[in-house]
Structure formats: C-alpha cells, structure tokens
Amino acid sequence: MEVVIVKDAKAGGELIADGIAGLLRRKPDALLGVATGSTPLPIYDALTARVRDGSVDASRARIAQLDEYVGLPAGHPESYRSTVLRQVVEPLGLSADQFMGPDGSAEDVQAACEAYDKALAEAGGVDLQILGIGTDGHIGFNEPCSSLASRTRIKTLTEQTRVDNARFFDDIEQVPHHVITQGIGTILEARHLVLLATGEGKAEAVAQTVEGPVAALVPASALQLHPHATVVVDEAAASKL
Ligand code: GLP
C-alpha cells in the first residue's frame, strides 16, 4: 500500500486527477469507479477543469457507481445515481449510457445486486476505483464486520453512518436504512484502488486502515491485501499515523 500525505483536500484532488488523466491517456475507455460523499468532490472538480481546458480527453471514459441507497424513488436528488450524474457524468460531458450502477429501486434487490456484479465483470472490470472512508472505517457501504470476500449485496446502515449522512437530507428520518454496496471482494477486483481521506475526523479510521491489522472490523484495512492500492491523506487525516 502506498500512502501519500498532501497538504490539503485540494492537493489530494489534483494528485488523483493527475492519475486519472494518465490512465485515460493509456486507456481512453477506462472504467472509473466513483464514490460519493464530500471527500471526492475535489477530485471531480480537478478532473472537470482538465476536461474543460482540453488537457484531458474523457469523452470515452465509463463511470461505475460504488453503492446506492435502497428504496429512494427514481430521480430522488440524493440517490447516488442522481448524485453521480450531477457531480461526475454531466460535468465531464458524458452521456447516461457511459454510466452504470446498481438499481436501488428494484423489486428484487438481491437479483439487482447479482446483475450489477455481472455487469461490472462484463464491462471488463473497474480500472481505477476511487474510495472515501467512513468514520467507522467503511468503504462503499461495507460497514464494520462485512466479510472481506463479500460481493455486491444489500446491507443495513449503522446508526453512525445514518447520522453522518443525514446532512444530505432534510432530517435523519429520511436517510434510508438499507443500501446496495459493491462488496469488499468486488472492490478488491478493481485494478487500482485510490482512497482519499481528508480532515481530522478520518484520522483514527486512516490509522487503523494503514497501520492496523487486516480486519473485518475495519473494512478499509482490506486495501492492505490489494497489489495496487494508494491512500491519499491530507495532513489532518494523517495526524494519527
Ligand atoms: C458514504 C459513502 C462512502 C463514503 C462515505 C464518506 O457512506 N457510501 O462511499 O466514503 O460516505 O463520506 P464523506 O466523504 O462525505 O465523509
């Protein structure tokens, strides 16, 4: 695992956007796995700026969602589908058919999970997966005690994650209890994992991820098992390393 400490979130975003630019030069139709949350926004902003100034051609890139809420009505502004369309797909000038994600409003959620794992494999697998980290060490929505071999499946959110994500909704009651997430085993199949963590609130989770044992209690620690994992942290998130 490679750990890179940068000054702040903006520098982290620029660094990771540079890596994505390099990937797109080598493989213009790369499949880019994207995370939601506040942390990756500087990456998407930096990448969008490069596309707009003509220094990066992302026109053939493909985008894959990491996770999704279950049960939000189609088109809900806080569904991760809507969020990724708004924050990544549209700013990069891509069309909706260059974007894939699990169907959180499917009647048969289990079948939707299996279909998504299959679709990712048929698309050739994720080339670079951007990850954030929850304050409890989760990646995607793989909460503590998730199997390190897990596949895309339905999960129940912990109260802490619902509290953390309540800021995106009018009140906590509106935060769904259930989600679909790529499993840890699914995530580990991406060719390159890039986790960005910023702010002091992530320092403990980062320390356990990087320096602790590989353990289901800290899902992000599974990155230690991956042959090409990069953890980019700002000085505050690195403060307990
Ligand atoms: C959610 C997402 C994760 C994300 C996490 C942290 O739980 N499912 O993919 O990493 O939030 O979000 P933030 O970056 O806003 O702290």
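# A walk through two sheets and a ligand site

In this predicted model, 14 residues surround the ligand. The closest are A35, G37, S38, T39 and G132. Sorted by class, this shell has four nonpolar, nine polar and one charged residues.

Now turn to the sheets. Strands of a sheet pair through backbone hydrogen bonds, and the pairing can be parallel or antiparallel. This model shows a sheet of each kind, described in turn.

Start with the parallel one. Seven strands form an open sheet. Read across, their order is 1-10-9-6-2-3-5. Strand 1 (2-6) and strand 5 (99-100) stand at the edges. Each has a single partner strand, so one side of each is left without a neighbour in the sheet.

Look next at strand 6, residues 128-131. Strand 6 is joined to strand 9, residues 192-197, by four bridges, and the two run parallel. Two residue pairs help you find the match. I130 stands opposite V194 in strand 9. L131 stands opposite L195 in strand 9. On to strand 2, residues 31-34, which also runs parallel to strand 6 and is joined to it by two bridges. Here L32 stands opposite L128 in strand 6. One step further along the order, strand 2 pairs with strand 3, residues 62-65. This pairing is parallel too, over four bridges. V34 has Q65 in strand 3 as its bridge partner.

What covers the two faces of these strands? In a regular strand the side chains alternate between the two faces of the sheet. Strand 6 has L128 and I130 on one side, with Q129 and L131 on the other. All four are buried, and both faces of the strand are covered. Strand 2 gives a similar picture: L31 and G33 point one way, L32 and V34 point the other way, and all are buried.

Which residues have the most contacts inside the largest nonpolar core? They are L47, V194, L195 and V206, in a core of 64 residues. You have met two of these already: V194 is the residue opposite I130, and L195 is the residue opposite L131. Follow L195 a little further. Leaving aside neighbours within four places in sequence, L195 is in contact with L131, I133, A220, L223 and V231.

The second sheet is open as well, with three strands in the order 4-8-7. Its pairing is antiparallel. Strand 4 (67-69) and strand 7 (153-156) are the edge strands, and each pairs on one side only. Neighbouring strands of this sheet are turned by 30 degrees against each other on average, direction ignored. Helix 4, residues 109-122, packs on this sheet and touches strand 7 and strand 8. The direction of helix 4 makes about 125 degrees with that of strand 7. Strand 8 covers residues 178-181, and three bridges join it to strand 4 in the antiparallel sense. D67 has T181 in strand 8 as its bridge partner.

Between the strands and helices lie loops. Take the loop between strand 6 and strand 7, where C145 is placed. Is C145 buried or exposed? C145 is exposed, because 11 other C-beta atoms lie within 10 Å, and a residue with 12 or fewer counts as exposed. Its backbone also deserves a look. Most residues other than glycine have a negative phi. C145 is not a glycine, yet it has a positive phi of about 85 degrees.

L148 is found in that loop between strand 6 and strand 7 too. L148 is partly exposed, with 16 other C-beta atoms within 10 Å. Not counting residues up to four places away in sequence, L148 touches I184, A216 and A222. The C-alpha atoms of L148 and T186 are separated by 9.4 Å, while the two residues are 38 apart along the chain.

Finish with another loop, the one between helix 5 (159-165) and strand 8, where A166 lies. A166 is partly exposed, with 14 other C-beta atoms within 10 Å. Leaving aside neighbours within four places in sequence, A166 is in contact with D171, I172 and V175. A166 and H177 are 11 residues apart along the chain, and their C-alpha atoms are separated by 11 Å.

Notes. Residues numbered from 1 in each chain as written. Predicted model: local features only at pLDDT ≥ 70, side-chain atom pairs only at ≥ 80, totals over all residues. Near = placed C-beta within 6 Å. Nonpolar A, V, L, I, M, F, W, Y, C, P; charged D, E, K, R; others polar. Core = buried A, V, L, I, M, F, W, Y, C linked by C-beta atoms within 7 Å. Buried ≥ 20, exposed ≤ 12 C-beta atoms within 10 Å, placed from the backbone. Contact = placed C-beta atoms within 7 Å. Pairing = 2+ DSSP bridges. Axes fitted to C-alpha atoms, helices over the stretch in contact; angles between N-to-C directions.
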